[in-house]
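Hi,

Could you take a look at the structure below when you have a moment? My notes on what turned up come right after it.

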Amino acid sequence: MKTLILGGGGREQALAWKVAQSPMVEEVFLAPGNGGAQEKCHNVSLDGEDFPSVARFVKEEQVELVIVGPEAPLVAGLVDYLQSDPELSSLHIVGPTKSGARLEGSKDFAKGFMQRHGIPTAKYATFTPATLEEGKRYLAEEVEPPFVLKADGLAAGKGVVIVESLTEAQEELEAMLGGKFGAAGNSVVVEEHLSGIECSVFVLTDGEHYQILPTAKDYKRIGEGDQGLNTGGMGAVSPVPFADETFMAKVEERIIRPTIDGLRKEEIDYKGFIFIGLMSCDGEPYVIEYNCRMGDPETEVVLPRVESDLVLSFLALRDKVLHEVAPIEEVPETVVTVVAVSGGYPGSYEKGKIITGLEKDLGDEVLLFHAGTKSDGAGGVVTSGGRVLAVSARGESIENALRHAYDALAQVDYDGIYYRKDIGQDLLGL
């Protein structure tokens, strides 16, 4: 079987690494790919948002399984496009239709969905340019600081603003509705701030049945101690110590089942991953957000903990027979990932920095996923993005896994390399 994975980051390389382990898979195409090399995997020059080109490639290469990594093609309707082609009726696709991708593509839709189906989440209201003054009054009268404002649409992970000052919140609302985030901010969700500790739960569903993957916690801020600007993700840990059987039973009963039931009741065609961003408030789970795909860099810690052949589950989605596949098995070890980024990220940064140390033996406990790299054409690898490398390592404990990850990172270098030294520290002792 040939598989096409759309996306060129660490998440997609981790998916390729996992899929390539399946005896059913003979070849994996990554589009547009990256500078990493893996068995059975090949980079192809293909834009996942160019729907006709994707369909043409699938036909020409006789691809049987397509996995969509990033959210943009899903929100834009790639799955709908492929499903509408009679020649691709037998194609297996991991990713929801445009209707299902609204769970991520519209914060307002997602909050309304949760409200309709009794899924615990923060109190909220949505405002447009026409209701700006009403939004300012809502901030002043209905919510307490800190104030949380979210651009309704996709904003490359930068559309969430949290501020302490009412004046600043009202000014931020006006700026967002005035075009700060482009069309993504045509509507803005203002919600109550939840206090607690975050984690991520990943579900694979065929729209009626589901499988739960390992839990993870990621670290978004650029600075240590969770300070500074938000990023695409500076590291992650799996499993999450506080997400024990009691907590996960609440998550399944109050969130996962109502979510899947809600999709079915609203006749939303959903075959793929659901990322559920959660806040544990004194042991009670609340949904912060949905994503319509796997997270990054959480994928780089979740998939190394999956012992099962995920391709079996992927192939069960199309015909809604996921319940016939054995539950996903998890390895007991902890996996952490630490992300090395370009100097200046998440602001402006230079590309093309030569990466050294990739040829070294980083240890059996370590997996190196390329997040923003490319070949230099002469046998070397250079930086090509803000997040450059995700170094994942396993161990008997968080401390043990972190030691392996940081030892490996010490052997890799490029001009301007930066990574957080405190990934996972907040989980020690929990």
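Here is what was found, grouped by topic.

Before anything else, please keep in mind that this is a predicted model.

**Aromatic rings**

There are eleven aromatic pairs in the structure. Take W17 and F369: their ring centres are 6.0 Å apart and the planes stand at 70°, so this pair counts as edge-to-face. Since planes over 60 degrees apart go in that class, the 70° angle of W17 and F369 is what puts them there. W17 belongs to helix 1 (residues 10-20) and F369 to strand 17 (residues 366-370), so the pair ties together parts that are 352 residues apart in sequence. F369 is buried as well, with a relative accessibility of 1%.

Another edge-to-face pair is Y345 with Y349, where the centres lie 6.2 Å apart and the planes are at 65°. Is Y345 buried or exposed? Its relative accessible area is 14%, so Y345 is buried. Y349, on the other hand, is partly exposed at 30% relative accessibility.

You can also look for a cluster: F109, F113 and Y290 are linked by ring pairs.

Two lysines are worth a click too. K217 has its charged end over the ring of Y219, 4.1 Å from the ring centre. K421 does likewise with Y419, and here the distance to the centre is 4.7 Å.

**Helices that pack together**

Two packed helices are described by the angle between their axes and the distance between the axes. Helix 5 (residues 98-105) and helix 6 (residues 107-116) have axes 6 Å apart and pack at an angle of about 95°. That makes helix 5 roughly perpendicular to helix 6. On the helix 5 side the contact is made by R102, L103, E104 and G105, and on the helix 6 side by K107, F109, A110 and F113. You'll recognise F109 and F113 from the ring cluster with Y290.

Now for helix 7 (residues 132-141) and helix 8 (residues 166-180): their axes come within 10 Å and cross at roughly 155°. Helix 7 is therefore roughly antiparallel to helix 8, and their crossing is right-handed. Which residues in helix 7 meet helix 8? They are L132, G135, K136, L139 and A140, and their partners in helix 8 are L166, A169, Q170, L173, E174 and L177.

An α-helix has 3.6 residues a turn, so residues three or four places apart point the same way. That may help when you look along the helices on screen.

**Helix 2 and what covers it**

In helix 2 (residues 51-61), the buried residues are F51, S53, V54, A55, F57 and V58. What covers them includes strand 1 (2-7), strand 2 (27-32) and strand 4 (65-68), along with helix 3 (72-76) and helix 4 (78-83). Just after helix 2 comes Q62, which takes a positive phi of about 55°.

**A buried loop residue**

Last stop: V240, in the loop between strand 13 (227-238) and helix 9 (245-265). V240 is buried, its relative accessible area being 3%. Leaving out residues up to four places away in sequence, V240 touches C199, T215, A216 and K217. K217 is the lysine whose charged end sits over the ring of Y219. V240 and L173 are 67 residues apart in sequence, and their C-alpha atoms are 34 Å apart in space. L173 is one of the helix 8 residues that meet helix 7.

Happy browsing!

Conventions
Residues are numbered from 1 along each chain as its sequence is written. This is a predicted model: local features need pLDDT of at least 70, side-chain atom pairs count only at pLDDT 80 or more; totals for chains, interfaces and linings use all residues. Side-chain values use heavy atoms; hydrogens and water are left out. Rings of Phe, Tyr and Trp (its six-membered ring) pair if their centres lie within 6.5 Å; planes under 30 degrees apart count as stacked, over 60 as edge-to-face and the rest as tilted. Helices (H or I, at least four residues) and strands (E, at least two) are DSSP runs, numbered from the N terminus. Buried means under 20% relative accessible area, exposed over 50%, partly exposed in between (1.4 Å probe, protein chains only). A charge sits over a ring if NZ of Lys or CZ of Arg is within 6 Å of the ring centre and within 35 degrees of the ring normal. Axes are lines fitted to C-alpha atoms, for helices over the stretch in contact, and angles run from 0 to 180 degrees between N-to-C directions. Angles under 35 degrees count as roughly parallel, over 145 as roughly antiparallel, 65 to 115 as roughly perpendicular and the rest as oblique. A crossing is left-handed if the near helix is turned anticlockwise from the far one by less than a right angle, and right-handed if clockwise. Contact means heavy atoms within 4.5 Å.
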